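Work through the following exercises with the sequence and the coordinates at hand. Each task is followed by a solution that proceeds step by step.

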Amino acid sequence: QGRRCVAPKLVNGFMHPHWFDECTLRQLKTEWQPRSGDVFLVSHFPLRGIQRLLVGLVEGRLDPWAANLIDKPHYCDAAACRRGVGAFIQEVASWPGRRCFKTHAFPQHFPCCYPFEPMYEGTPPKILAIVAEPRHAIITWWSILKNMRRLRPLDSDLLEDFILLISQKQFQMFGDLIDHAQSWANEAMANPRHVRLCSADRLGSVDAKEVKAELESIAEFLEIPKQSAAELAANLFRRPSDADEALILDDLVPYEALGGGPLIEQYGRNVHLFEDALNAATFEVRSSWRGALGDWLGSAYSKIAHLVEVSARGIASVPPHVLTVPLKGDAVHAAG
């Protein structure tokens, strides 16, 4: 509130928050060796509820609503730039058990020694590349940026204005949304033992069975018991009475979750918001969006192309409103 907005800067060819430093990132990549069991969450868009969910899975803390669940410097490259490489490496070396980090880096700028060195004992380091259908990713970005008064690059809170920025490639924090997803999809195809795509859309489903299935698949990749994933998924839909007190302490506050909202950014709700805004937008916005979809379809392939194709279907791909209301508590169990 009242603080000066600080512009992002170019680092390694992509826009980053102003505190990122290219020399520090090169040093981190050279000096930091991951250890057995480490998990890295990679996404183009910022993570809030999903970070809570996956940190809980990795660390064995199966209440995604818990206070101080993500109070450590999980955002590894940002933390190294703020603390210094040596101090960051020393701090995270003291963490017990399996460690979970997050980054927005492309593969070529991954914040530790990568590709990973072979490990002959224990669980090798793993990367979860979290991807989303473009409309879902854009609403996630917009929801966060409109509350970031110091860092946000927006002159307007209007969603249609942000859609235009994205479509005209005027907002490219951490690079292009689809280029980023495709680069990690390529890594997952080339190195499936270490890299796996993860669906933010499925984790953001209101169907508890779909969330549970995605979490169990992730747990299998991470070599974590499926029962832990099942318990975590069940707890996701059991909001405790003191949830707001825990969530408000997070660095990236999930504002939509306060006051009774769901913890995870909801896929159905987000695509409805996007299509409603697009329908009310000017011809320039709609035309620019169609052009962006065409460009992405020309560069993406396989799983990422499918995500773009779903966006291109527009309102025809949007679930009915009744299927976008999350079940809670006993209603989850009644649904099976």
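A salt bridge is counted here when a side-chain nitrogen of Lys or Arg lies within 4 Å of a carboxyl oxygen of Asp or Glu. The model is a predicted one, and it holds 17 salt bridges.

**Exercise 1.** Determine whether the residues of the salt bridge between glutamate 265 and arginine 48 are buried or exposed, and state which parts of the chain the pair links.

Solution. Begin with the distance: the side chains of glutamate 265 and arginine 48 meet at 3.1 Å, taken from N to O, and the cut-off for a salt bridge is 4 Å. Next, place the partners: glutamate 265 belongs to the loop between α11 (243-247) and α12 (267-280), whereas arginine 48 belongs to the loop between β3 (39-43) and α2 (49-59), so that the pair links distant parts of the chain, 217 residues apart. Finally, consider accessibility, for which buried means under 20% relative accessible area. Glutamate 265 has 12% relative accessibility and therefore counts as buried, and arginine 48, at 4%, counts as buried as well.

**Exercise 2.** Find which residues are joined into one network by salt bridges that share partners, starting from glutamate 214 and arginine 196.

Solution. In the salt bridge of glutamate 214 with arginine 196, the closest N and O atoms are 3.8 Å apart. This pair connects helix α9 (residues 208-222), which holds glutamate 214, with strand β6 (residues 195-199), which holds arginine 196, across a separation of 18 residues. Both glutamate 214 and arginine 196 are buried. As a further step, arginine 202 also forms a salt bridge with glutamate 214, with the closest N and O atoms 2.9 Å apart; here arginine 202 sits in helix α8 (residues 200-203), 12 residues from glutamate 214 in helix α9. The accessibility of arginine 202 is 29%, which makes this residue partly exposed, while glutamate 214, at 5%, counts as buried. Through shared partners, the salt bridges join Arg196, Arg202, Glu210 and Glu214 into one network.

**Exercise 3.** Explain why β3 is described as largely enclosed by the rest of the structure, and identify which strands pair with β3.

Solution. Five of the five residues of β3 are buried, and therefore the strand is largely enclosed by the rest of the structure. Val39, Leu41 and Ser43 point one way, Phe40 and Val42 the other way, and all are buried. For the pairing, β3 runs parallel to strand β4 (residues 100-103) over four bridges, with cysteine 100 as the bridge partner of valine 39. Strand β5 (residues 126-131) is likewise parallel to β3, joined by five bridges, and isoleucine 127 is the bridge partner of phenylalanine 40.

Key. Residues numbered from 1 in each chain as written. Predicted model: local features only at pLDDT ≥ 70, side-chain atom pairs only at ≥ 80, totals over all residues. Heavy atoms only, no water. Helix = DSSP H or I, 4+ residues; strand = E, 2+ residues; numbered from the N terminus. Buried < 20%, exposed > 50% of the residue type's maximum accessible area, 1.4 Å probe, protein only. Pairing = 2+ DSSP bridges.
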